[in-house]
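Open your viewer and get ready to select residues as we go. Each stop tells you what to pick next and what you will find there.

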Amino acid sequence: MAPPSPTALVLTGGGARAAYQVGVLQALAQLRQGSAQAAAGNPFPIIVGTSAGAINAAALACGTDDFDAAVAAIAEVWAHFRTEQVYRADALDLLDTPGRARMLWGVARLLARWRQAQPHSLLDNRPLAELLQRLVPLDRLPALLQAGHLQALAVTASSYSAGDHCTFYQSAVPMEPWMRSQRRAVPGPIAHAHLLASSAIPFVFPATAIGTEEAAEYFGDGSMRQAAPLSPAIHLGAARILAVGAGRLQEPRGSSPTLHTGRPTAAQIAGHALSSIFLDALGVDVERLQRINQTLALVPPDARERTALRPVELLLIAPSQRLDAIAARHAQALPGVVRRLFAAGGPPVRAATQSAAFASYLLFDAGFTGELMALGRADTLAQAAQVRAFLGWD
């Protein structure tokens with residue numbers, strides 16, 4: 001029997017860590033083959049994404065008339081990623097000089113140039129804007145929505161102007177926008193600017209303006225202030241959610257191979273800050289949903305119908321390994337100027353492990369993304385029976 005409809009796919013943020021999601025999608029496409037439901041088309045009528053997950057979500061939504069081909073196209077990009085496809089480090093070029101004296105001279109010149117030029121971020125993400133034009137053909141969305149291949153697409157961003165969290169959504173039928181404390185929804189066509197805004201890591205990439213020139217609102221990464229990553233899918237009508245995380249949700253204390261003592265380096269602090277933005281909210285929201293489901297199970301059916309709450313089935317797929325540990329093996333692939341900016345000093349191995357968490361968000365390198373994709377495939381296939389049962393695939 002086919003599962004109740006609709007089913008939502010939720011892809012969370014995490015910069016280069018989003019390569020893990022692509023491996024999960026590849027495994028889902030593989031498991032779907034041979035099932036009676038494979039001919040039914042897109043298995044996820046509601047697709048929700050945040051940060052780099054918003055880019056994957058939008059690319060998948062634009063190919064929902066051929067799910068397997070859309071997954072293959074996304075995987076082709078991530079399997080051959082190069083840093084220069086995502087960002088340039090022009091603003092930091094003055095730091096790309098060997099030797100302590102020249103480095104100090106470079107810092108002085110950099111600060112002087114920054115005071116004059118007032119750059120908006122450490123890195124320039126204009127290459128990503130060009131990539132999105134090729135990877136995400138958003139002009140296909142209206143026809144796909146009208147034909148029934150997709151019910152809704154939603155991407156989230158954080159407003160620097162209003163100080164709240166915003167979900168932009170495009171749906172097949174008009175849906176009333178919702179508003180909660182520090183959260184709001186905005187209906188309308190999804191544009192590439194929404195994807196750039198959702199994936200604009202704070203300080204690292206520049207804020208993106210959305211709206212008219214007279215009333216532009218500036219947005220940054222959607223993982224900021226995102227208290228409820230599963231909420232947009234539920235508001236859009238999902239009865240079931242398959243969520244893909246970007247980090248291990250249960251980490252035994254002291255188990256980190258990158259655990260360090262002593263004063264933290266700038267790289268460690270930056271990595272810790274980004275992890276708190278990208279990784280914490282999903283685990284909290286999953287626990288909240290589970291508690292609501294458990295409470296509703298105790299409520300008599302007639303009383304439950306008088307409430308606005310309803311049970312939502314959830315399947316979570318998250319990395320079985322620490323992604324920062326994997327990043328430590330590939331940290332040397334970061335552009336030299338970025339690597340030196342957060343260098344911890346000392347032996348290269350020690351510097352790599354200390355900057356691993358930070359590096360894991362910016363390592364748009366085929367070696368790293370390929371390893372994460374392989375992990376995503378393995379983790380999904382390891383629970384193949386559970387996935388098939390959840391999605392109703394024979």
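On this tour, a residue is called buried when its relative accessible area is under 20%, and exposed when that area is over 50%. Keep those two words in mind while you look at this predicted model.

**Stop 1: the whole chain**

Begin with everything selected. The protein chain holds 17 helices and ten strands. Of its 394 residues, 53% are buried. Now think about contacts between residues with a separation of 6 or more: 77% of these join residues that are 24 or more positions apart.

**Stop 2: helix α3**

Select residues 67-79, which form helix α3. With 13 residues at 1.5 Å a residue, α3 should span 18 Å, and its end C-alpha atoms are indeed 18 Å apart, so the two values agree.

Next, colour the buried residues of α3: Phe 67, Ala 70, Val 71, Ile 74, Ala 75, Val 77 and Trp 78. Turn the view until you look down the axis of α3; the buried residues fall within an arc of 160°, so they line one face of the helix. What do the buried residues of α3 pack against? Show α1 (19-32), α2, α5 and α16 (366-382), and you have their partners.

**Stop 3: the largest cavity**

Two of those partners return here. A search of the whole structure finds three cavities of 30 Å³ or more, and the largest cavity has a volume of about 140 Å³. It is lined by 15 residues, and the closest to its centre are Ala 52, Ile 55, Val 86, Leu 128 and Phe 364, so select these five. Then add α2 (52-61) and α5 (126-135), each of which supplies at least two residues of the lining. By class, the lining of the largest cavity has eleven nonpolar residues, four polar ones and no charged ones.

**Stop 4: the second largest cavity**

The second largest cavity has a volume of about 80 Å³. Among the residues to select around it are His 165, Trp 178, Arg 183, Arg 225 and Ser 231. The elements that give two or more residues to this lining are β4 (165-171), β6 (183-187) and α8 (231-235). Which classes make up the lining of the second largest cavity? There are four nonpolar, five polar and three charged residues.

**Stop 5: the second largest pocket**

Keep Ser 231 selected and add Ile 234, His 235, Ile 292 and Leu 309: of the 15 residues that line the second largest pocket, these five lie nearest its centre. The volume of this pocket is about 450 Å³. Both α8 and α10 (280-297) supply at least two residues of its lining, and the largest share, four residues, comes from α10. Sorted by class, the lining of the second largest pocket has eight nonpolar, two polar and five charged residues.

**Stop 6: two backbone angles**

Most residues other than glycine have a negative phi. Select Phe 203 for a case that goes the other way: its phi is positive, at about 70°. Phe 203 sits in the loop between α7 (192-198) and β7 (208-210). Buried or exposed, what is Phe 203? Phe 203 is exposed, with a relative accessible area of 72%.

Finish by going back to Arg 225, one of the residues lining the second largest cavity. Arg 225 has a positive phi too, of about 60°. You will find Arg 225 in the loop between β8 (217-220) and α8. Its relative accessible area is 52%, so Arg 225 counts as exposed.

Technical notes. Residues are numbered from 1 along each chain as its sequence is written. This is a predicted model: local features need pLDDT of at least 70, side-chain atom pairs count only at pLDDT 80 or more; totals for chains, interfaces and linings use all residues. Side-chain values use heavy atoms; hydrogens and water are left out. On a 1 Å grid over the protein atoms alone, a cavity is a set of points where a 1.4 Å probe fits but cannot get out, and a pocket is an open set with protein on both sides within 12 Å along at least five of seven lines; lining residues have an atom within 4 Å of a point. Grid points are joined across faces, edges and corners, and a volume is the space filled by probe spheres set on the points. Ala, Val, Leu, Ile, Met, Phe, Trp, Tyr, Cys and Pro count as nonpolar, Asp, Glu, Lys and Arg as charged, and the others, Gly among them, as polar. The expected span of a helix is 1.5 Å times one less than its number of residues. Buried means under 20% relative accessible area, exposed over 50%, partly exposed in between (1.4 Å probe, protein chains only). The arc is that of the directions from the helix axis to the C-beta atoms. Contact means heavy atoms within 4.5 Å.
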